Each structure stands twice: as C-alpha cells, then as structure tokens.
Amino acid sequence: MLALTLTADLTGVTNLQPLDTAEEPYFYTFKVQCTSCRETHPNWVSISRFESTDISGSKGEANFVWRCKACKRESTASIKDAPQTYTHSSPPTRQTIIEFDCRGLEFTEFQANGEWMARGLETPTKFTAIDLAEGEWYDFDEKSGEEVSVKDVKWEIRRA
C-alpha cells in the first residue's frame, strides 16, 4: 500500500480535495517504477478510480495495469477509496489524500494535474477550479473580504 500525502499552508480555506466524481473524474498522474527490475517508465501515467482494466491471466481488475518494457512483468495499482480532504492546520501537517494498492510497481513522483476544490475556513464560500500544478493558488473570499491561498505545496508518496 502506498499513500499520496500532502503538506500545504492553507490561508482562509479548508477541506481541500481533488474534484473526483464519476461525472468529472480526477486523473492522478505519476512516474512509475517496476519493483522487480527498478526500471522507471519514461512517461507520466494517469490513473482514475472510475476506470478499470482486466488483469491478464486473472479474473480481477485494477485501475492501472502496466507491463514493464525491461523485464516484461505485469504490475497493477488500484485506488482503495475516495480521496480524503486536506484540512486547515497551523502549522501545516502531512495528511493522506489517497491510498493505492500497488502490486509490482511503485509510484515515485506525483503531478497535481486537474481541478481541486475547497471551502472557506470561516465562511460557506466554495472554491472550485483550484489549480495546484504550480504549487500555489490565490483567490479572494468575497464573504470574508480576505485573500485566501494554498501555498508551500509538498507532495510525498509513502508506505501506508
């Protein structure tokens, strides 16, 4: 099991999470490495929890099935549950966003492509279309009259 964790400095917002619904799935984008021969795939790969692929020679399915070009071993990854929200804390703490059951592969890097959402810390304001690709996001909460932000974004892939 691997977990994608986030540490970020939230100002004026909480409950940060990827927009990940059946109608608008989030594609988690990673660099992947074979645990058998340690070869790293040269391209980024994307995984959605709403898409499944058959595992060859098995009746099972996984969200991601990959055959290593170097050693020809087939590996799989499945997303365990819906993503968890990242809540405001001071100082910022590492929190798990999503967990993966990986067999024969490891994710080594994460790219935050896609939309995220959050809500105001002390207001009911909903923020959508949050882009964390650059590692920070700024907006203005009309209800509180204050700037809101997500800064110092740090992703880590850890054993769960």
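The exercises below work through a predicted model of a protein, from its overall make-up to one hairpin and one charged patch.

Residues are numbered from 1 along each chain as its sequence is written. In this predicted model, local features need pLDDT of at least 70, side-chain atom pairs count only at pLDDT 80 or more, totals for chains, interfaces and linings use all residues, and side-chain values use heavy atoms, with hydrogens and water left out.

**Exercise 1.** Describe the make-up of the protein, beginning with its helices and strands.

*Solution.* Start with the elements, which are DSSP runs numbered from the N terminus (helices are H or I, at least four residues; strands are E, at least two): the protein has 14 strands and 0 helices. Next, turn to burial, where buried means under 20% relative accessible area, exposed over 50%, and partly exposed in between (1.4 Å probe, protein chains only); buried residues account for 42% of the 160 residues. Finally, the C-alpha trace spans about 60 × 30 × 25 Å along its principal axes.

**Exercise 2.** Work out how strand β7 is arranged and how β7 and strand β8 pair.

*Solution.* First, consider the faces of β7 (residues 64-67): F64 and W66 lie on the covered face, whereas V65 and R67 lie on the uncovered one. In a regular strand the side chains alternate between the two faces of the sheet. Then look at the pairing, which requires that DSSP finds at least two bridges between two strands; β7 and β8 (residues 74-79) pair in the antiparallel sense over 4 bridges, and R67 has E74 in β8 as its bridge partner. Lastly, the hairpin has 6 residues between the strands, and K72 takes a positive phi near 65 degrees.

**Exercise 3.** Locate D131 and state how exposed D131 is.

*Solution.* D131 is found in strand β12 (residues 126-131), and its relative accessible area of 43% explains why D131 counts as partly exposed.
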